[in-house]
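Here are two short exercises with worked solutions. Have a go at each task before you read on.

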Amino acid sequence: MNQGIEVVGVYVDNQDEALEFYVGKLGFRVHTDVRNGDYRWLTVQHPEQPSFQLGLFVPGAPMQDAATAQQLRALVAKGAMPPLVLAVSDCRAMHAQWAAKGVEFTQEPVERYGSVDAGFRDPAGNGWKLIQSRG
Amino acid sequence: MKRQILDSPLTQPTDLPSQDPRLLRRLLRAKDRMDAASDEAWPVERLASVSGVSQAHFARSFKDAFGLPPHRYLLTRRIERSTALLRDTDLPITEIAFTTGWGSLGTFGRTFRDVTGESPGAHRERWRATQHSLALVPACHVQAAHRPDLITAVSEKRRQEADGTKEASTKATKEVP
């Protein structure tokens, strides 16, 4: 088997909305979507990266108590979670395509030292950098 | 001198009313807009309308959410950006002042010195004299790391330095933007 990082999750406030965003707008694919009562394990994948799953998780039971869940929701909504980086081959083209679909860009594409980057947020507040590396 | 701002006692927020995540998400939008265009003017009515919050509540809500009043936040972004331009470009300081949103060179120079402890020109020279190796970190995060941590208002800091004391930090928590 291959060793390495398989799933990394982000907290979102609404999994249906997150699914619509990551799959419907960004073009990711659903890897796993299973429910057990109110709990829903939902992961998506970048179409060109089959070995990695991005988990879209909602704070709350059974993992957190209500107060903790509320704090996590607040942190996500304030944009306080760690930055996420998506590597792309053409930042400007991706920006144009996704902006047309209503993705909330926080920074237009900017060229710095030969690389081009832009910034956007998912509906929950998680911040992404879209980076086209030099060369 | 340069790092004096960081020496202020940290005021730990306790028992802050928890804000609705939906409100926080909208406040974040105002913060994002300032980030994207820190050179522009951001009167409260403009920020409040981005967030869909009343003007009366915006500044207080923003401070509760992000720990500092909206206009001080804007100031940190302008200083951060002017710092980057001083380091990475050969633009004249006057041009940097106007590009980053200050109305005059004098205001820029004074505020920059109050916040960072050195003049824009001195900062540029000192930076050029040192080697740096941050090329592997995305540029925006490098810049964020150089953002001034303005726990107290600039006016408060001026007053403290004039008084030779640093005891006024409790006032900073009650200060209105």
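Buried area is the accessible area (1.4 Å probe) that two parts lose on being put together, summed over both. The model is predicted, so local features need pLDDT of at least 70 and side-chain atom pairs pLDDT 80 or more, while totals for chains, interfaces and linings use all residues. Residues are numbered from 1 along each chain as its sequence is written, and side-chain values use heavy atoms, without hydrogens and water.

**Exercise 1.** Work out what area is buried between chain A and chain B, and which salt bridges and elements go with it.

*Solution.*
1. Start with the area: about 1400 Å² is buried between chain A and chain B, with 56% of that from carbon and sulfur atoms.
2. Next, contacts (heavy atoms within 4.5 Å): 18 residues of chain A touch 16 residues of chain B.
3. Now salt bridges (a side-chain nitrogen of Lys or Arg within 4 Å of a carboxyl oxygen of Asp or Glu). The rule finds 3 across this interface, including A:Arg121 with B:Asp32, whose closest N and O atoms sit 2.6 Å apart.
4. On chain A's side, α2 (66-77), β6 (104-112) and β8 (127-132) each supply at least two residues. The most come from α2(A), with 4 residues. Helices here are DSSP runs of H or I, at least four residues, and strands are runs of E, at least two, numbered from the N terminus.

**Exercise 2.** Describe the make-up of chain B.

*Solution.*
1. Count elements: chain B has 10 helices and 0 strands.
2. Check burial (under 20% relative accessible area, 1.4 Å probe, protein chains only): 42% of the 177 residues of chain B qualify.

Methods
Chains lettered and ligands numbered in written order. Buried < 20%, exposed > 50% of the residue type's maximum accessible area, 1.4 Å probe, protein only.
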